[in-house]
Amino acid sequence: MKLIIAIVQDKDSNRLSGALVKENYRATKLASTGGFLRAGNTTFMIGVEDHQVEGVMNVIRNSCKVREQLVTPVTPMSGTTDSYLPLPVEVQVGGATVFVMPVDRFEHF
């Protein structure tokens, strides 16, 4: 058995949730916040048998897309801000960060 932890951008959350339900995979959704952009994410925890891992990975791959987004960097914490002009920077967001871990024991009560 494996535990799949998938961290996705909130914009992809509903699409992924619907796709998992459609393919009969059960998941737990947790609200989370990314460290770099400080933006909302959703973390999915999905427990599956070993042979189902690739099926879940395909659902995640097809539901979570990378896109470009303009963000304004955070003001520096130290020093003067007189000469600091925050210009928007284009970064890639979206997609999914996925961890697959072995499960030693699973019980459902």
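Of the 109 residues in the protein chain of this predicted model, 26% count as buried. The accessible surface adds up to about 7700 Å², and carbon and sulfur atoms hold 54% of that area. As for the fold, the chain has two helices and six strands, strung along the sequence in the order β-α-β-β-α-β-β-β. Long-range contacts feature heavily in the count: taking contacts with a separation of 6 or more, 69% are between residues 24 or more positions apart.

Strand E1 (2-9) is a handy place to start with the strands. E1 pairs with E3 in an antiparallel arrangement, with eight bridges between them; within that pairing, Gln9 sits across from Asn41 of E3. E1 also runs antiparallel to E6, this time with seven bridges, and here Lys2 faces Pro102 of E6. E1 thus has partners in both E3 and E6.

Next comes helix H2, which spans residues 53-63. Its buried residues are Val53, Val56, Met57, Val59, Ile60 and Ser63. Looking down the axis of H2, these buried positions fit within an arc of 160°, so they line one face of the helix. Glu54 and Asn62 are exposed, out on the other side of H2. What lies over the buried residues? The cover for the buried residues of H2 includes strands E1 (2-9), E3 (40-48) and E6 (96-102), along with helix H1. The three strands named there are the ones already met in the pairing of E1 with E3 and of E1 with E6.

Ser63 deserves a closer look. This serine belongs to H2 and is a polar residue's side chain with a partner in the backbone: a polar atom of the Ser63 side chain lies 2.8 Å from the backbone oxygen of Val59. Ser63 has a relative accessibility of 4%, so it counts as buried. Setting aside neighbours within four places in sequence, Ser63 is in contact with Asp12, Arg15, Leu16 and Ala19. Two of these contacts, Asp12 and Arg15, bring in helix H1 (residues 10-22).

Asp12 and Arg15 also turn up in the search for salt bridges, which finds two in the whole structure. In one of them, the side chains of Arg15 and Asp12 meet with an N to O distance of 2.6 Å. Why can these two residues reach each other along the helix? Arg15 and Asp12 are three residues apart in H1, which means that about one helical turn separates them. Side chains of opposite charge can pair when their charged atoms come close. The two partners are covered to unlike degrees: Asp12 is buried, with a relative accessible area of 0%, while Arg15 is partly exposed at 42%. Both residues of this salt bridge are also contacts of Ser63.

The other salt bridge links Glu107 with Arg105, and the closest N and O atoms there are 2.2 Å apart. Arg105 is exposed, with a relative accessible area of 67%. Glu107, at 38% relative accessibility, counts as partly exposed.

Back among the strands, Thr43 is found in E3, the strand joined to E1 by eight bridges. Is Thr43 buried or exposed? With a relative accessibility of 12%, Thr43 counts as buried. The side chain of Thr43 has a polar partner as well, making a polar contact of 2.8 Å with the side chain of Ser32. Leaving out residues up to four places away in sequence, Thr43 touches Ile5, Ala6 and Ile7, and also Thr28, Lys29, Leu30 and Ser32. Ser32 is therefore both a polar partner of Thr43 and one of the residues in its contact list, under the 4.5 Å cut-off for heavy atoms.

One backbone detail rounds things off. Asn24 lies in the loop between H1 and strand E2 (28-33). Phi of Asn24 is near 65°, a positive value in a residue other than glycine. Most residues other than glycine have a negative phi. Asn24 counts as exposed, with a relative accessibility of 69%.

Terms used
Residues are numbered from 1 along each chain as its sequence is written. This is a predicted model: local features need pLDDT of at least 70, side-chain atom pairs count only at pLDDT 80 or more; totals for chains, interfaces and linings use all residues. Side-chain values use heavy atoms; hydrogens and water are left out. Helices (H or I, at least four residues) and strands (E, at least two) are DSSP runs, numbered from the N terminus. Buried means under 20% relative accessible area, exposed over 50%, partly exposed in between (1.4 Å probe, protein chains only). A polar contact is a pair of N or O atoms within 3.5 Å; within protein, one must be able to donate a hydrogen and the other to accept it, and residues adjacent in sequence count only if both atoms are side-chain atoms. A salt bridge is a side-chain nitrogen of Lys or Arg within 4 Å of a carboxyl oxygen of Asp or Glu. The arc is that of the directions from the helix axis to the C-beta atoms. Two strands pair if DSSP finds at least two bridges between them. Accessible areas come from the Shrake-Rupley method with a 1.4 Å probe; for residues, only the protein chains shown count as cover.
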